[in-house]
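Visitor: I would like to walk through this structure with you, one question at a time. Could you set out each piece of reasoning before you give the value or name?

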Amino acid sequence: MKLKSLPIQRKLMSIILLTCAVVLFFMCTVYIILENEFYKESFKANMATLGAVIASNSSAALAFDNPEDARDVLGALDAEPNIILAALYRMDGTILATYPADTKASAFPTLTERNLYWYEGKFLHGIEPVMQRNEQLGKLYLQSDLQAMYAQLRRFAIIGMGLIAVALLIAYVLSHLLQGSIADPILNLEQTARSISEKGDYSVRAVKISNDELGALTDAFNQMLSQIQVQNEEILSFNQKLEQKVIERTSELQHQKEFVETIINSSVDLVAVFDTDMKYIMMNKKTMESYENNDTLLGKKLLEVFPQLENSDMHINLQKALQGEHVYLPRYRSKVIPRWFENYFIPLRDVDNNVYGVMTIGHDITSIVESAEKIEKVNAELLKSNRDLEQFAYVASHDLQEPLRKIQTFAQMLSDHTGDPEQAKIYQEKINQSSGRMKQLIQDMLNFSRISNSEEAFVPTDLNDVLENLIIDFELLLREKDAVINYPNLPVIPGIPLQLSQLFSNIINNSLKYTEKKPVITITCDTLTAEDVNTYHKLDKNIPYYKIQFQDNGIGFEPQYSEQIFAIFQRLHGKQSYSGTGIGLALCKKIVENHHGIIYAEGRLNEGATFTIIMPGAESKVI
Amino acid sequence: MGIIFLLYSSSLKAQTFSASEYQIKAVFIYNFSHFVEWPASSFEKSYSPFVIGILGNNPFGPYLQEAIRNERIGSHIMEVRQFNNVREANNCHILYINLQDPEEIKQTLLAVSGRPILTVGDSPNFLRFGGLVRFFTEESKIRLEINNTVAKSRKLQISSKLLRVATVQ
């Protein structure tokens with residue numbers, strides 16, 4: 001276990017015991033090392049002293065070459081059990097006597113000139129000169145066994161260990177007894193602190209045990225507790241006040257919120273708020289009511305919910321407003337619901353003036369737009385009618401004057417030639433013709449002007465009935481011209497039956513008129529595909545169309561006249577070649593336009609003509 | 001001292017017993033100077049020599065001269081002197097008496113009695129005649145016999161160590 005995480009009691013104990021152990025071990029080690037050195041020196045000194053005494057006593061034995069006496073002197077070494085070998089050397093290096101007496105001379109070293117003591121292995125060797133009055137007489141060699149010394153050192157080491165053990169035991173007991181004075185107040189403090197933090201009861205106080213720093217710490221701790229208790233109470237009361245205030249404020253805010261919501265929800269305009277990701281974050285009641293699935297809109301992105309708005313005015317202006325621009329869109333036709341709006345895109349800014357959202361206000365102007373469109377339409381009709389009247393007046397003045405001038409001219413001639421009844425009859429005939437033609441002109445003009453002012457309602461009209469009735473009307477003429485009309489089953493379309501009959505009548509009449517012999521009129525009918533509808537920009541993509549074609553084998557016309565033939569009083573040929581008032585095809589055009597359709601002609605000179613009518617198969621919903 | 005080692009060299013061992021015997025005796029005589037204390041009065045002056053005298057024939061050959069060459073006792077240079085008459089020997093410190101006639105030995109010893117001279121001899125009655133140190137041979141080894149009582153009366157202090165290796169009367 002690391003020392004850091006030990007409880008304080010064991011920490012104290014560990015510190016004390018570790019300190020004691022280290023100090024004691026260090027001291028014992030130093031002591032044993034010093035003792036070893038000391039013993040060695042002391043052993044050496046002892047041997048030197050012994051050597052000096054033996055050497056001194058052996059001087060006479062050496063001087064007078066007396067081995068018996070030498071052995072006697074060396075025999076004194078019996079008293080020193082450490083000395084295991086000794087010898088007296090003469091000056092020439094030969095041995096006079098040995099100790100023990102019967103040791104062989106080979107057991108002894110050959111001596112050098114040196115006189116000294118030295119350690120070698122487990123032995124201490126010594127050479128002492130034998131002197132008598134400054135005269136060297138020989139040498140004494142001693143060898144001591146160090147076992148005794150090592151035994152002594154071992155004894156010291158064992159005693160040292162024992163002492164360490166005893167000292168540690170004493171240290172353990174003492175520290176056990178004394179640590180309480182430090183650990184107890186700390187443990188008491190710790191227990192108190194723990195109990196406070198667990199129960200939150202700040203009225204508890206730690207018990208002061210001693211008057212030292214720990215006592216002061218306890219006092220400071222208790223004082224701190226008192227302060228905390230007081231502050232705690234203050235905080236609690238402050239909290240209560242704060243809570244009360246929060247409740248009041250919340251209720252106020254709730255009121256304000258409800259007020260604002262009531263206002264917003266009472267608005268007749270569509271109000272919605274988007275965040276910077278263009279997600280709906282708020283919408284008022286009116287907006288909710290305007291959309292289907294309105295309960296799933298909040299939190300979703302605009303394009304996620306209404307993908308058709310991609311790059312629409314709504315989308316683009318929302319992006320502009322998110323850039324901080326205040327956008328006003330006076331007329332916007334919604335792509336979600338069939339309504340018109342006047343839209344405001346208002347950036348919402350936070351305190352740092354950063355845009356965090358956009359409020360859109362949509363004011364429903366559908367009724368205004370519809371009224372305006374009606375006015376526009378009526379206006380356009382008026383303009384057209386005006387234009388037609390001008391043209392009509394201009395043309396009428398020309399074409400009506402012509403038969404009138406003829407009538408005048410022939411009347412004059414009739415009055416001049418009253419004497420010639422034959423001639424007068426011719427003039428009368430001419431006058432009749434011109435007045436008849438004038439009557440026809442006036443009749444046609446009346447028809448034409450009636451169409452312009454028609455207010456009749458559309459009804460489902462079976463074109464088969466229309467065509468078959470016409471064929472009956474044209475029966476005589478068809479037989480006379482030996483003409484053939486081929487036609488398929490035709491559809492029922494919304495329209496004014498009389499006008500549609502006039503339309504077919506005029507086209508067939510035109511074909512019969514401009515065909516010299518055996519006219520063949522072939523009628524075909526197809527429904528227009530969506531792609532075909534797209535090629536005619538005037539058509540509404542949302543409703544079906546029929547394409548009805550009348551092909552003849554007549555004289556045709558130069559392609560450059562394909563537009564001109566539909567203008568009123570426009571004739572490509574003189575009255576002499578082909579009879580007609582010049583109103584027929586203009587009338588056709590007017591009828592087709594009245595039915596929201598298209599008419600055009602294709603043809604080549606002498607190769608027949610094809611008239612194509614495109615008519616709605618259902619009533620247009622366009623307002 | 002190195003000279004003495006040379007005397008023990010193998011070439012010399014081949015010499016006669018007497019040569020070897022006196023060779024040893026010469027060394028012993030020299031060694032006596034280390035184990036005996038002479039009174040200060042035995043030297044006239046501080047630089048007076050320490051004299052080893054020989055009365056009678058010199059049996060040592062060169063050995064005694066060799067043994068003492070360049071040796072000193074304190075400030076006193078050692079000398080060997082040959083005496084023919086006991087009267088000449090009054091001022092010596094060690095006197096080796098090599099006389100054959102016992103009566104003559106007796107007279108000589110009597111003549112030097114009262115003086116601090118260490119008298120040394122070989123004759124069997126040498127100590128009885130008043131001599132101090134006698135050489136004798138035992139088990140082919142040269143031994144010493146000393147009359148310490150007389151030595152004390154002559155104010156010569158003989159070291160107990162010397163006494164221990166000798167037979168004391």
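**A buried helix residue in chain B**

Visitor: In which element does B:Ile29 have its place?

Guide: This is a predicted model, in which local features need pLDDT of at least 70, side-chain atom pairs count only at pLDDT 80 or more, and totals for chains, interfaces and linings use all residues. Residues are numbered from 1 along each chain as its sequence is written, while chains are lettered from A and ligands numbered from 1 in the order in which they are written. Helices (H or I, at least four residues) and strands (E, at least two) are DSSP runs, numbered from the N terminus. On that basis, the residues 17-35 of chain B that include B:Ile29 form helix α3.

Visitor: Is B:Ile29 buried or exposed?

Guide: A residue is buried if 20 or more other C-beta atoms lie within 10 Å of its own, exposed if 12 or fewer, and partly exposed in between, with C-beta atoms placed from the backbone. Because B:Ile29 has 24 other C-beta atoms within 10 Å, it is buried.

Visitor: Which residues does B:Ile29 touch, not counting those up to four places away in sequence?

Guide: Contact here requires that the C-beta atoms of two residues, placed from the backbone, lie within 7 Å. For B:Leu64, which is 35 residues from B:Ile29 along the chain, the C-alpha separation is 8.1 Å. With that neighbour included, the residues touched by B:Ile29 are B:Ile52, B:Leu64, B:Ile94, B:Tyr96 and B:Val120.

**Where the chains meet**

Visitor: Which element of chain B gives the most to the side that touches chain A?

Guide: In the interface, 14 residues of chain B are in contact with 13 residues of chain A. Elements giving two or more residues to chain B's side are α1 (2-7), α3 and α7 (160-164). With 4 residues, the element that gives the most is α3(B).

Visitor: How do the residues on chain B's side of that interface divide by type?

Guide: In this classification Ala, Val, Leu, Ile, Met, Phe, Trp, Tyr, Cys and Pro count as nonpolar, Asp, Glu, Lys and Arg as charged, and the others, Gly among them, as polar. For the side of chain B that touches chain A, the division is 9 nonpolar, 3 polar and 2 charged.

**Helices of chain A**

Visitor: How are α1(A) and α2(A) oriented to each other?

Guide: Axes are lines fitted to C-alpha atoms, for helices over the stretch in contact, and angles run from 0 to 180 degrees between N-to-C directions. The two axes come within 8 Å and cross at roughly 170°. Angles under 35 degrees count as roughly parallel, over 145 as roughly antiparallel, 65 to 115 as roughly perpendicular and the rest as oblique. The orientation of α1(A) and α2(A) is therefore roughly antiparallel.

Visitor: Where is A:Asp65 found?

Guide: A:Asp65 has phi near 50°, a positive value in a residue other than glycine, and it counts as partly exposed because it has 19 C-beta neighbours inside 10 Å. The segment that holds A:Asp65 is the loop between α1 (8-63) and α2 (67-75) of chain A.

Visitor: What distance separates the end C-alpha atoms of α13(A)?

Guide: The expected span of a helix is 1.5 Å times one less than its number of residues. Helix α13 of chain A (residues 497-513) has 17 residues and should therefore span 24 Å, which agrees with an end-to-end C-alpha distance of 24 Å.

**A cis bond and a sheet**

Visitor: What is omega for the peptide bond from A:Tyr99 to A:Pro100?

Guide: A:Pro100 lies in the loop between β2 (95-99) and β3 (117-120) of chain A. The bond that leads into A:Pro100 from A:Tyr99 is cis, with omega near -10°.

Visitor: Which residue stands opposite A:Val484?

Guide: Two strands pair if DSSP finds at least two bridges between them. In chain A, 5 strands form an open sheet of mixed pairing in the order β12-β14-β15-β17-β16, with β12 (484-486) and β16 (598-603) as the edge strands. Strand β12(A) is joined by 3 bridges to β14 (residues 520-527), and the two run parallel. Opposite A:Val484, in β14(A), stands A:Val520.
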